[in-house]
Amino acid sequence: PNEETAVKIAEAVWLPIYGEKIYNYKPYKVQLNNDSIWSVEGVFQEPSVGGVPYVEIQKSDGKILIVAHGK
């Protein structure tokens with residue numbers, strides 16, 4: 001229902017997949033799209049190689065729509 005919950009869900013999804021390194025991508029970019037989909041994306045820290053974790057969460061029920069990690 002809100003940005004704080006979206007971040008908690010994102011971390012709960014990412015942690016078993018990508019491990020504790022997800023915390024290196026804080027502060028996360030959080031956006032509500034079309035008042036229905038939360039997108040949460042890590043922030044690329046310089047200097048570094050690779051990508052950032054990304055997730056889309058349906059606002060109405062918390063359903064995970066997309067989980068990805070850029071390269």
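The points below describe a predicted model, taken from the helix to the sheet, the core and three single residues.

1. Helix α1 covers residues 3-18. Its 16 residues should span 22 Å at 1.5 Å a residue, and the end C-alpha atoms are 21 Å apart, which agrees. The helix length therefore raises no query.

2. Both ends of α1 have a describable feature. At the N-terminal end, Asn2 acts as a cap, with a side-chain oxygen 3.3 Å from the backbone nitrogen of Glu4. After the helix comes Gly19, which has a positive phi near 80°.

3. The buried residues of α1 are Ala6, Val7, Ala10, Glu11, Val13, Trp14 and Tyr18. An α-helix has 3.6 residues a turn, so residues three or four places apart point the same way. The buried set of α1 packs against four strands: β1 (29-33), β2 (37-41), β3 and β4. For reference, β3 is 53-58 and β4 is 64-69.

4. The sheet is open and has four strands, in the order β1-β2-β3-β4, with antiparallel pairing. β1 and β4 are the edge strands; each has a single partner, so one side of each has no neighbour in the sheet. From one strand to the next, the twist averages 10°.

5. Between β2 and β3 there are five bridges, in the antiparallel sense. One of the residues involved is Val40, whose bridge partner in β3 is Val55. Val40 and Val55 also appear among the residues with the most contacts inside the largest nonpolar core.

6. That core, the largest nonpolar one, has 14 residues. Those with the most contacts inside it are Trp14, Tyr28, Val30, Val40, Val55 and Ile57. At least two core residues come from each of α1, β2 and β3. The greatest contribution is that of α1, which gives five residues.

7. Which residues does Ile57 contact, leaving aside its neighbours within four places in sequence? From α1, the contacts include Ala6 and Ala10, both of which are buried. The other contacts are Ile9, Ser36, Ile37, Trp38, Val40, Gly62, Lys63 and Ile64.

8. Gly62, one of the contacts of Ile57, sits in the loop between β3 and β4. Its relative accessible area is 25%, so Gly62 counts as partly exposed. Gly62 and Glu20 are 42 residues apart in sequence, and their C-alpha atoms are 22 Å apart in space.

9. Leu15 belongs to helix α1. Is Leu15 buried or partly exposed? With a relative accessible area of 32%, Leu15 is partly exposed, because buried requires a value under 20%. Outside its neighbours within four places in sequence, Leu15 is in contact with Glu20, Ile22 and Tyr23. The C-alpha atoms of Leu15 and His69 are 12 Å apart, although the two residues are 54 places apart in sequence.

10. Ser39 lies in strand β2 and has a relative accessible area of 9%, so it is buried. The Ser39 side chain makes a polar contact of 3.4 Å with the side chain of Asn33. Apart from neighbours within four places in sequence, Ser39 is in contact with Lys29, Val30, Gln31, Asn33, Tyr54, Val55 and Glu56. Of these contacts, Val30 and Val55 are also among the residues with the most contacts inside the largest nonpolar core.

Methods:
Residues are numbered from 1 along each chain as its sequence is written. This is a predicted model: local features need pLDDT of at least 70, side-chain atom pairs count only at pLDDT 80 or more; totals for chains, interfaces and linings use all residues. Side-chain values use heavy atoms; hydrogens and water are left out. Buried means under 20% relative accessible area, exposed over 50%, partly exposed in between (1.4 Å probe, protein chains only). The expected span of a helix is 1.5 Å times one less than its number of residues. Contact means heavy atoms within 4.5 Å. A polar contact is a pair of N or O atoms within 3.5 Å; within protein, one must be able to donate a hydrogen and the other to accept it, and residues adjacent in sequence count only if both atoms are side-chain atoms. Two strands pair if DSSP finds at least two bridges between them. Axes are lines fitted to C-alpha atoms, for helices over the stretch in contact, and angles run from 0 to 180 degrees between N-to-C directions. A nonpolar core is a set of buried Ala, Val, Leu, Ile, Met, Phe, Trp, Tyr and Cys residues joined through side-chain atoms within 4.5 Å.
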